[in-house]
Structure formats: structure tokens, C-alpha cells
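Here is a friendly walk through one protein model, going from a single residue and its surroundings out to the whole chain. Keep the viewer open and follow along.

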Amino acid sequence: MTISQSITGIAVSLLIAILIVTAGSSGSIYLQGIPLFAVCGVIGFLLHWTVFIPSFAFRTEHYFDLTGSLSYISTVVVAIMLNPSFDVRDIIICLMIIIWATRLGSFLFRRIKKDGQDKRFVEMKTKFTWFLMTWTIGGLWVLATMAAGLAALTSNITVELGLLGILGIALWIFGFVIEVMADYQKTQFKKNPDNKDRFITTGIWSWSQHPNYFGEITLWFGLALVALPVLSGWQLATMVSPIFVYILLTRVSGIPLLDRLANKKWGDDPDYQNYKNGTSKLFLMPPKR
């Protein structure tokens, strides 16, 4: 990636962030004339840029995912602490994000420490602007994925949880369980020396080629439903959060990248072709026989 492309990527990321902050701040409570949503919205960027400096200096990507998780947790903690009138909905949203971020962040951090590197970063971490762009996108990822939840946490409206909130909680729990189950099954699969350089087709992976991403997308849709009843006006634009997660994971950096790597590694393997053609790409569905 060229320097100009990286700079453009940074500029576009910041522009999108400004639009999200503007929309999310429309119904936010204010602290000394500044929307609480805006205050919280910059936390992820500040943390990513701070950790980027030593990461580039030492050419390491080991703390990228961990920084993302800490950004989520820090943001919601600040939101709750500075909101003088948080309610049950706020506490539930806060717990959802903290539980998810703690679990996924620790899982990814342990994995990269064990593997030694993330292949996506091999060249990238040697290029200043490219690496900076990736860390900036990391800050945008935090803001964009949790925008609906953050808008609810910083909202000045209080509404009973209601049926929609309960449905959202159930959907979040379902997605979280699927994601945890998928990660656990794949980890156990890789622990077996006989499965080295093999692809997993058992358990929940027989129903979906990317069940962990299905769980991830599902839980963010659930969280957005919990947040929806207290959003109004331009705040409703933050409901793009789960759509953003879906598009990013299915069209940009998630499934397309992993599929390219898998095709390169097992593209000539008949078993892999049968698995790919007979198994749902994302949604949980019985395999084709």
C-alpha cells in the first residue's frame, strides 16, 4: 500500500468518525458544554494512537487486539462514570460490552502470543503510514461497532427495558455463546498434532464456515436492539453499528481475507472443496449432503 493510499485511509476513517460523533451527540447529555458521546468517542482513537508508537518502534502487532478491547472497556466505563442518571438499560449495555471485550481480547492476545505473529501484519508493521492507518481504523472500529450502545449510554432519555430490550438481550446471549463455542472448538482442534495444517469441519463448524463471525454479528445486532428504544433523531443513525460489523466481516477484512488464505492453502484439496460447497458461508444451517 502506498503512502498516499494510507493517508487517504486515515482521512476517510476520521471523516467517518466525525459523522458518527455528530450523529451520536445529538441526544447526548453534556459535560461543561461538550457532548458525553463525543468525549467517549475519542477514547478509542487516543488509546490506539498511543500504543501505536511503541508498536511501530518495536515492529510488533501483539497488542493491537488487546488495545481494541481496552478501548471498548475504557469507553463504557467512562460513559457510566460521567453519566449522572444511568439506568438498568445502561448497566446491561455496559456489561455486554465489557464481557464481550474481555473474553475476545484475552483470547486473541493469548493466541497471537502463542503463534508469534499475525500474518496480516508482516509487511504492514514495517511501513509507518500503513501501520498508522491500521491503528486508526482500529479506533474507528471501536467507535463504529459500539456507536448505538454508546449513544444509549450517553442519552438523556430513560425508557423501561420492554420486550425489545429483552429480545436484544436474548439475541446477544445467543451470539456470544456461538462465538465462544466456535473459538473453543477451533482451539481444541488445533491442539491435536494430527490436525496441523488441516481445516476444521466438526462441531459448529460443520454448520457454518465462519460461525465465530456469525456469533459476532448476531451479538452486536442484539446490543443495538437493547439500545434502540432510547435513541431519537440523528442518534438513530448509530444503528448502523451492526450493519457496519456485518459489512466489514463479510465484505472487507473478515471472511474475504480468510477465504483467500484458505483457497491458497487448500484450494486443490477435494475435501476442502466439498466442505466449502456443502457448508453455509456464515449462517448456521445443516450441511448439504
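## Lys125 and its neighbours

Lys125 has a relative accessibility of 13%, so this residue counts as buried; the cut-off for that label is under 20%. Keep in mind as you look around that this is a predicted model. To find Lys125, go to the loop that links helix 5 (88–115) with helix 6 (128–145).

What does the side chain of Lys125 meet in a polar contact? Its partner is the side chain of Glu61, and the polar contact spans 3.0 Å. Leaving aside residues up to four places away in sequence, Lys125 touches Phe56, Arg59, Thr60, Glu61 and Phe131.

## Arg59, one of the residues touched by Lys125

Arg59 is among the residues that Lys125 touches, and its backbone deserves a look too. Its phi is positive, at about 50 degrees, although Arg59 is not a glycine. The residue lies in the loop between helix 3 (43–57) and helix 4 (64–82). Is Arg59 buried or partly exposed? With 38% relative accessibility, Arg59 counts as partly exposed, because that label covers values between the 20% limit for buried and the 50% limit for exposed.

## Helix 6: Phe128 and Thr134

Let us move on to helix 6, where Phe128 has its place. Phe128 comes out as partly exposed, given its relative accessibility of 43%. Beyond residues up to four places away in sequence, Phe128 touches Phe52 and Phe56. Phe56 is also on the list of residues touched by Lys125. The C-alpha atoms of Phe128 and Ile53 are separated by 9.8 Å, while their positions lie 75 residues apart along the chain.

Thr134 is in helix 6 as well. Its relative accessible area is 12%, so Thr134 is buried. Which residues does Thr134 touch, not counting residues up to four places away in sequence? They are Phe64, Phe121 and Met124.

## Asp197: another positive phi

Further along the chain, Asp197 sits in the loop between helix 8 (162–191) and helix 9 (211–227). Here phi is near 65 degrees, a positive value in a residue other than glycine. As for the solvent, Asp197 is partly exposed, with a relative accessibility of 49%.

## Towards the C terminus

Gln273 belongs to helix 12 (residues 270–278). At 24% relative accessibility, it falls in the partly exposed class. How far is Gln273 from Ala151 in space, C-alpha to C-alpha? The two are 44 Å apart, with a sequence distance of 122 residues.

Pro286 is found in the segment after helix 12. Pro286 has a relative accessible area of 55% and is exposed, since exposed means over 50%. In sequence Pro286 and Ser208 are 78 residues apart, yet their C-alpha atoms are separated by 8.4 Å.

## The whole chain

Now zoom out. The protein is built from twelve helices and two strands. Read from the N terminus, the order of the elements is α-β-β-α-α-α-α-α-α-α-α-α-α-α.

How does the overall size agree with that of a compact globule? For 289 residues, such a globule would have a radius of gyration near 19 Å, and the 20 Å of the protein agrees with this. Along the principal axes, the C-alpha atoms fill a box of roughly 60 × 45 × 25 Å.

## Packing, surface and charge

Of the 289 residues in the protein, 50% are buried. Lys125 and Thr134 are examples of buried residues. Among contacts with a separation of 6 or more, 81% join residues 24 or more positions apart. The contact of Lys125 with Glu61 and that of Phe128 with Phe52 are two pairs to display while you consider that figure.

The accessible surface comes to about 14500 Å², and carbon and sulfur atoms account for 68% of it. The protein has 24 positive and 17 negative charges, and their mean positions are 5 Å apart.

How values were computed: Residues numbered from 1 in each chain as written. Predicted model: local features only at pLDDT ≥ 70, side-chain atom pairs only at ≥ 80, totals over all residues. Heavy atoms only, no water. Helix = DSSP H or I, 4+ residues; strand = E, 2+ residues; numbered from the N terminus. Rg over C-alpha atoms; globule rule 2.2 N^0.38 Å. Buried < 20%, exposed > 50% of the residue type's maximum accessible area, 1.4 Å probe, protein only. Contact = heavy atoms within 4.5 Å. Areas by Shrake-Rupley, 256 points an atom, 1.4 Å probe, with all protein chains shown as cover. Lys, Arg positive; Asp, Glu negative; His and termini not counted. Charge placed at Lys NZ, Arg CZ, Asp CG, Glu CD. Polar contact = N/O pair within 3.5 Å; in protein donor to acceptor, adjacent residues only side chain to side chain.
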